[in-house]
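Here's a quick look at how the inside of this protein is put together. Pull up the model and follow along.

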Amino acid sequence: MVQIEIDSGSGFCFGVTTAISKAEEELAAGSTLYCLGDIVHNGMECERLRNMGLITINHDDMRNLHNVKVLLRAHGEPPETYELARKNGIEIIDATCPVVLQLQRRIKRQFDSRPDAQIVIFGKPGHAEVLGLVGQTNSRAIVIANIEDAKMLDFNRDIYLYSQTTKSLDEFHRIIEYIQKHISPEATFKSFDTICRQVANRMPNISAFARKHDLILFVCGRKSSNGKVLFNECKSVNPNSYLIEGPEEIERSWMQGVSTIGICGATSTPKWLMEKCREAIISNS
């Protein structure tokens, strides 16, 4: 009989859990609630909340709304979103993750004190959290996705480096080392480790989990940045790892010759979805 283990460290992080709880509370009270962007990068969880009444909108939709409630998800938003809400009489249900909120404030303070310096954010261009961070600098912050992007910085000018909260700690340190080697002696370079430890600690944990099993099913929405990083870690230590969005994507051929299966996921993966994957394997075996 094949053994199946669900990783106890996988599943929603604190910020996502809080955002979903706030949405459920408002909906249970009978409120009409809009959410600016997908509340979490997981299609099945978004569908569950949509069935409860949550209406997902984009920024263009929000411009046409007045006197309603809009939930801001854990990723955070730039100052313009709050200004728009004030103008349109929109009540904000703010579920910005406290870690992200603290980072936004740090970047704003830095920008206000040194607007001429290069504020650099290591993150995914266009990601909701990154847009919120760039918004603290009147859109003047420079976003770098990798070490190649770092080579384009002006090393004769001061650099203040921050990171999106869900990025790889190892890659962040490689970028720091590269800038330290190339920065002009006349310029200031400061880096701030703003990576969420709840997320960063998942990397070594998920690596150890992936090594334990013959087959790894990594359950994750394909939009999740954090999911891509964690899945790549699984794949690097266990080539027999597959990224799936739900139980319907599991292929029976993967089970051949396998005695242990590990099911894990991203910070945006609900526990109930990992459990459904386990049930699907048991029912088909």
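What follows covers the nonpolar cores and then one helix.

## The largest core

Keep in mind that this is a predicted model. Its largest nonpolar core has 18 residues, and the members touching the most others are Ile144, Leu153, Ile159, Leu161 and Ile179. Three elements each chip in two or more residues: strands S6 (118-122) and S8 (159-163), plus helix H8 (169-182). The top contributor is H8, with 5 residues.

Take Ile179 as an example. Setting aside neighbours within four places in sequence, Ile179 is in contact with Leu153, Phe155, Ile159, Leu161 and Phe189.

## A second core

There's also a separate core of 16 residues; among its members are Leu33, Cys35, Val40 and Ile93.

## Helix H4 and its two sides

Now for H4, which spans residues 79-87 and buries Thr81, Leu84 and Ala85. Why do these buried residues sit on the same side of H4? Because they cover an arc of only 100 degrees around the axis. As a rule, an α-helix has 3.6 residues a turn, so residues three or four places apart point the same way.

The buried residues of H4 pack against four elements: strand S2 (33-36), helix H3 (59-63), strand S4 (69-72) and strand S5 (91-94). Flip to the other side of H4 and you'll find Arg86 and Lys87, both exposed. After H4 comes Gly89, with a positive phi near 65 degrees.

Technical notes
Residues numbered from 1 in each chain as written. Predicted model: local features only at pLDDT ≥ 70, side-chain atom pairs only at ≥ 80, totals over all residues. Heavy atoms only, no water. Core = buried A, V, L, I, M, F, W, Y, C linked by side-chain atoms within 4.5 Å. Buried < 20%, exposed > 50% of the residue type's maximum accessible area, 1.4 Å probe, protein only. Contact = heavy atoms within 4.5 Å. Arc of directions from axis to C-beta.
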